[in-house]
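This report concerns the nonpolar surface and the interior of the structure shown below.

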Amino acid sequence: MEHPSVKNGVFGAIVIIIVYLILWFIDPRFFVAYGTWIGILIGIYFMYRAGKEARDANDGFIPFSDVFKYLFLTVALLTFIVYFFNYVLYNFIDPGLMEVQKEIAQEAAEKIANAFGNEDMIEEINDNMDDSMFQLTIWKTLQGWLFALVVGALFSAIMGAIMKKKNPAFDEFA
């Protein structure tokens with residue numbers, strides 16, 4: 001596991017899964033509400049590590065296209081492992097998490113309706129919340145992973161633009 005993307009993608013996924021399990025053991029509601037945000041921050045850190053290791057391996061210089069590849073491969077591997085874990089967690093380990101997710105969504109909808117002062121909106125939102133919306137199927141997991149890849153590509157491009165460093169020895173116009 002010498003490749004920076006593979007190493008950091010796997011280690012990042014392991015750290016995220018451990019943090020998710022700790023949050024889930026402490027409070028499933030907190031895990032459902034904030035676990036994703038914590039996972040994103042951890043993922044960004046491991047993306048940075050992969051880009052930095054790749055740049056350091058190239059004597060401190062790396063073009064945008066190369067660092068983007070390292071960052072994107074890291075995020076692709078990391079998110080694939082984490083999404084697979086979430087599928088197993090939500091469907092086999094604790095199927096009750098979907099009910100927790102539904103309750104949190106209903107509470108958020110009630111807060112929004114109360115902010116607008118519309119009581120009828122609460123009933124309409126609750127009527128429109130179908131149980132199928134709160135089932136994590138393989139198809140929904142795949143869709144989530146594909147969305148994570150798109151967002152990951154955006155993050156990779158931004159981080160790659162920041163982390164790239166051109167070697168002045170190869171600058172033709174110096």
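## Nonpolar patch and cores

In this predicted model, M1, V6, F11, I14, I18, I22, I26 and L73 make a nonpolar surface patch of about 740 Å². Patch residues have over 30% relative accessible area and no salt bridge, and nonpolar side chains are joined within 5 Å; a salt bridge is a side-chain nitrogen of Lys or Arg within 4 Å of a carboxyl oxygen of Asp or Glu. Areas come from the Shrake-Rupley method with a 1.4 Å probe. With six residues, helix α1 (residues 4-26) gives the most to the patch; helices are DSSP runs (H or I) of at least four residues.

The model is predicted, with local features needing pLDDT of at least 70, side-chain atom pairs counting only at pLDDT 80 or more, and totals for chains, interfaces and linings using all residues. Residues are numbered from 1 along each chain as its sequence is written, and side-chain values use heavy atoms, without hydrogens and water.

Two residues of helix α1 are set out here; buried means under 20% relative accessible area, exposed over 50%, and partly exposed in between.

| Residue | Relative accessible area | State |
|---|---|---|
| V6 | 31% | partly exposed |
| N8 | 0% | buried |

Beyond its neighbours within four places in sequence, N8 is in contact (heavy atoms within 4.5 Å) with F46, R49, A50, E53, T74 and L78.

The largest nonpolar core (buried Ala, Val, Leu, Ile, Met, Phe, Trp, Tyr and Cys residues joined through side-chain atoms within 4.5 Å) has 20 residues, and F31, Y90 and L97 have the most contacts inside it. At least two residues of this core come from each of α1, α2 (28-57), α3 (64-93) and α4 (97-116).

Key
Patches are made of residues with over 30% relative accessible area and no salt bridge: like charges are joined within 9 Å, nonpolar side chains (Val, Leu, Ile, Met, Phe, Trp, Tyr) within 5 Å. Buried means under 20% relative accessible area, exposed over 50%, partly exposed in between (1.4 Å probe, protein chains only).
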